[in-house]
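Work through the following exercises with the coordinates open beside you. Each one sets a task and then follows with a solution in steps.

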Amino acid sequence: MKNLLYKEFCLSTSPISYIFIVFSLMVLIPGYPILMGAFFICMGIFQSYQLIRDQNDILYSALLPVRKRDVVTAKYISDAIIQAVGFLIMCALTVLRMTVLSGSPAYTGNVMMPADPVFLAFVLIIFAEFNVIFLGGFFKTAYYFGKPFILFIIASMITVGVGEALHHMPRFPAGSLPFQLSVLAFGVVIYTVSFLLSLKSSQNRFEKIDL
């Protein structure tokens with residue numbers, strides 16, 4: 001698995017996937033739907049799958065002396081690491097906005113979704129949607145990725161819309177930190193469970209594909 005991950009990061013992953021981690025910094029943009037940062041990180045990972053298809057990376061990986069399910073596992077883990085890096089940057093910037101920058105005029109009058117634990121939970125939900133819809137859809141054929149990505153775009157934009165609308169609801173306890181942390185914990189559970197289920201499903205599908 002170590003060698004497969006090394007291959008993923010050195011050969012299979014597009015440089016754009018790394019560059020798009022910079023979109024984590026969108027957390028600092030006032031008056032902007034900051035959840036789009038999570039979407040762009042996923043879009044960066046999507047660029048790798050274009051490269052994977054164009055270079056027949058799936059076939060090459062399947063011909064290596066490894067189990068087919070390990071090929072899927074390596075891609076899922078490498079994608080999860082990129083998501084984790086972006087998420088950790090967002091966490092750090094969220095803490096910065098909630099503490100040092102909390103009194104900044106740029107943020108006090110912000111009508112868009114604030115950077116808080118609820119925001120981080122929605123980031124994890126968007127990542128979960130990518131793992132289930134796009135990665136799960138891609139490994140149905142290990143070749144076609146257009147339809148899964150379009151479905152992910154639709155789902156993620158709905159999630160962004162819901163996130164932006166929630167904190168405008170009068171009875172939504174947006175200012176309660178215990179509530180926010182419980183929502184974040186829920187987001188962690190959603191991401192973890194969906195990741196494992198999607199991985200298992202993709203492994204089973206890929207083993208049945210005749211390359």
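**Exercise 1.** In this predicted model, list the buried residues of α8 and find what covers them.

*Solution.* Begin with the accessibility criterion, under which a residue is buried when its relative accessible area is under 20%. The residues of α8 that are buried are P148, F149, F152, A155, S156, T159, V160, G163, E164 and L166. Next, look for the elements that lie over them: the cover of these buried residues includes α3 and α7, the latter spanning 117-138. Finally, check the helix itself, whose 21 residues reach 30 Å from the first C-alpha to the last, close to the 30 Å expected at 1.5 Å a residue.

**Exercise 2.** Describe how α3 and α8 are arranged, and state which residues of α3 meet which residues of α8.

*Solution.* Start from the axes: those of α3 (residues 36-54) and α8 (residues 146-166) come within 10 Å and cross at roughly 170°. Angles over 145 degrees count as roughly antiparallel, and α3 and α8 are therefore roughly antiparallel to each other. Then turn to the side of α3, where M36, F39, C42, M43 and F46 meet F149, F152, I153, S156, M157 and V160 of α8. Sorted by class, this contact has 10 nonpolar residues, one polar residue and no charged residues.

**Exercise 3.** Characterise α9 by its span and its buried residues, and then place S198 within the helix.

*Solution.* Helix α9, residues 177-208, has 32 residues and reaches 47 Å between its first and last C-alpha, close to the 46 Å expected at 1.5 Å a residue. Its buried residues include V183, G187, Y191, F195, S198 and F206, and what covers the buried residues of α9 includes α4 (57-63), α5 (68-98) and α7. S198 lies in α9 and counts as buried because its relative accessibility is 7%. As a last step, examine its partners: leaving aside neighbours within four places in sequence, S198 is in contact with Y76, N131, V132 and G136, and the side chains of S198 and Y76 make a polar contact at 2.6 Å.

**Exercise 4.** Decide whether S78 is buried or exposed, and identify its contacts.

*Solution.* S78 is placed in helix α5, and at 2% relative accessibility S78 counts as buried. A polar atom of the S78 side chain lies 2.9 Å from the backbone oxygen of K75. Once neighbours within four places in sequence are set aside, S78 is in contact with L5, E8 and F9.

How values were computed:
Residues are numbered from 1 along each chain as its sequence is written. This is a predicted model: local features need pLDDT of at least 70, side-chain atom pairs count only at pLDDT 80 or more; totals for chains, interfaces and linings use all residues. Side-chain values use heavy atoms; hydrogens and water are left out. Axes are lines fitted to C-alpha atoms, for helices over the stretch in contact, and angles run from 0 to 180 degrees between N-to-C directions. Helices (H or I, at least four residues) and strands (E, at least two) are DSSP runs, numbered from the N terminus. Angles under 35 degrees count as roughly parallel, over 145 as roughly antiparallel, 65 to 115 as roughly perpendicular and the rest as oblique. Contact means heavy atoms within 4.5 Å. Ala, Val, Leu, Ile, Met, Phe, Trp, Tyr, Cys and Pro count as nonpolar, Asp, Glu, Lys and Arg as charged, and the others, Gly among them, as polar. The expected span of a helix is 1.5 Å times one less than its number of residues. Buried means under 20% relative accessible area, exposed over 50%, partly exposed in between (1.4 Å probe, protein chains only). A polar contact is a pair of N or O atoms within 3.5 Å; within protein, one must be able to donate a hydrogen and the other to accept it, and residues adjacent in sequence count only if both atoms are side-chain atoms.
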